[in-house]
Amino acid sequence: MLKEGEKIYDVFVAGGGINGLGVARDAAGRGYSVCLCEMNDFASGTSSNSTKLIHGGLRYLEHYKFRLVQESLKEREVLLKMAPHIIWPMRFVLPHSKGMRPAWLLRLGLALYDHLGFRKILPGTSSVNLNNGVLESTLKSKYKFGYEYSDCWVDDSRLVILNAVDAAKNGAKLQNYTKVTKVTKSDGIWLITTTDSIDNTQNTIKAKCFINASGPWVDDVLQESFSNKNTKNVRLVRGSHIVVDKLYDHDKSFICQNDDGRIFFMIPYEDKFTLIGTTDIDHGRSASEVEISEEEKQYICDSANAYLNSEIKLSDIVWSYSGVRPLYDDGASKAQEATRDYVIKAEEHDSSLMINIFGGKITTYRRLSEAILKHIETFLGQRGGPWTDNSSLPGGDFDVDGLFDLNNKIQEKYPFLNEEIVKRLVRSYGTVSFDIFASAINIESLGESFGSGLYEKEVVYLVQNEWARTSEDILFRRSKLGLSLTKNEKQKLDQFLEKYQKLSKTSESSVKQDNIVETV
């Protein structure tokens, strides 16, 4: 077997967000050898700090981005069928009152929105009375009518992780906490030096194609690893969100218009909370320094209070997060006007291929991956055609309307799990839940409890199969249990992970020693 430094991969991907792992999955599924490295955890940047929507981008119609909106709308149902456990339909209410965008303009925009995407599953737009029914108690009485339309919700970080799991099943080698630190060329082959972000050990990887999918760090990779000085291709725009205790009992979301022209969402979140955001402002700092400001928190609270019957205060915020979108710098004057479309730049260098990805949005990641593969196929030769449009992500091999049945099957097989735990399992793992819990017969067989329905059996699965290394990886990217675990419970999980990893290293060392003895 070739050692790492001797093997030459077809494709190397720098960046473990949705774009990088989407490319890795697609390429591996077509038969290319793939290696991907991410300097932090998978989905730890922009891809886990979105508004959690698979949507066409209703507001992009104002900027005449019809192609982008149409492509995004078509992708909604493709992705919904691909992963119905982590993506599901959601109805959005657009309230209207005097002083807002004219009602005729909204009707026209929503009519376009309904027909551009060739809907087959999602229901269309309808008018709605806001002073009657379940919506009556949510908004101020001045909002008397509005419109209701469809988009989809997504667990964004799990979408990334499931792409990683599927890429690995197709043969891709994936490494998180591994940073690209230097890239050179030799005889048409990229020589990529990587450094372990935890223990600083270095490795050299060889590849024919280099895909720079580093998101907010795409220019940093060009400057630091390729020594391309003064490179500036992306505009970092910060989007911040707050989470408060559940504001209303129904399952509808709201898309609201601010006086400054920006829009924000209020969305049911993890059953017990409401998610509110975003802000869309120029970041102005390093991509590694991302934090919601007090001004942003107040702005979001004020925005929501202009609509809500009940007032929210800064003290009501139970969690907040902020991410930077690496938008292609098209010279737009306002952050919210900068293009959300992706830009791909492919260049051949001395018989080797380099592709840089700028911008993009989570909804169109699969289409972006297909576009990247066209360049790879032209350079390396075709191995297999497009395949992801009719595929399922791990755990998503059931019908779009099959969540209820799957929920019942899991409850029937594991009657000792309560409804809340079962619902979370279905919406995180889908049919893979049966692999995780296998032949467990009672709570005791799940091992140590860490609180909020998280048990040792699930934690071990996440470490062994989903590259989890820290409690943060588990509690905020592979789940959102960090919102409900106490400080002591988190410490207990940290201690378990530290102990488990030490035992794993000891076992690996023993296996290596055994192999040495056998070889001798």
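Hi everyone. A quick definition before we start: a helix here is a DSSP run of H or I that is at least four residues long, with helices numbered from the N terminus. Keep in mind, too, that this is a predicted model.

With that in hand, let's begin on the surface. L108 is found in helix α3, and that helix covers residues 103–116. Is L108 buried or exposed? Neither, quite: its relative accessible area is 48%, and partly exposed means between the 20% and 50% limits, so L108 is partly exposed. L108 also belongs to a nonpolar surface patch, together with Y64, F66, W104, L105 and L112. Together these residues have about 640 Å² of accessible area. Helix α3 supplies the largest share of the patch, four residues.

Now let's go inside. The largest nonpolar core has 47 residues, and F42, I87, L159, L174 and I376 have the most contacts inside it. Which helix gives the most to this core? That is helix α4, residues 156–169, with seven residues. There is also a second, separate core of 34 residues, and I410, F450, Y455 and V463 are among them.

Let me pick out F42 for a moment. Setting aside neighbours within four places in sequence, F42 touches a list of residues including L21, V160, A164, L174 and W467.

Last stop: N258, in the loop between β12 (253–257) and β13 (263–269). Its relative accessibility is 14%, so N258 counts as buried. What does the N258 side chain pair with? It makes a polar contact of 2.9 Å with the side chain of Y299. Beyond its neighbours within four places in sequence, N258 is in contact with F264, Y299 and S303.

Thanks for listening!

Conventions:
Residues are numbered from 1 along each chain as its sequence is written. This is a predicted model: local features need pLDDT of at least 70, side-chain atom pairs count only at pLDDT 80 or more; totals for chains, interfaces and linings use all residues. Side-chain values use heavy atoms; hydrogens and water are left out. Patches are made of residues with over 30% relative accessible area and no salt bridge: like charges are joined within 9 Å, nonpolar side chains (Val, Leu, Ile, Met, Phe, Trp, Tyr) within 5 Å. Accessible areas come from the Shrake-Rupley method with a 1.4 Å probe; for residues, only the protein chains shown count as cover. A salt bridge is a side-chain nitrogen of Lys or Arg within 4 Å of a carboxyl oxygen of Asp or Glu. Helices (H or I, at least four residues) and strands (E, at least two) are DSSP runs, numbered from the N terminus. Buried means under 20% relative accessible area, exposed over 50%, partly exposed in between (1.4 Å probe, protein chains only). A nonpolar core is a set of buried Ala, Val, Leu, Ile, Met, Phe, Trp, Tyr and Cys residues joined through side-chain atoms within 4.5 Å. Contact means heavy atoms within 4.5 Å. A polar contact is a pair of N or O atoms within 3.5 Å; within protein, one must be able to donate a hydrogen and the other to accept it, and residues adjacent in sequence count only if both atoms are side-chain atoms.
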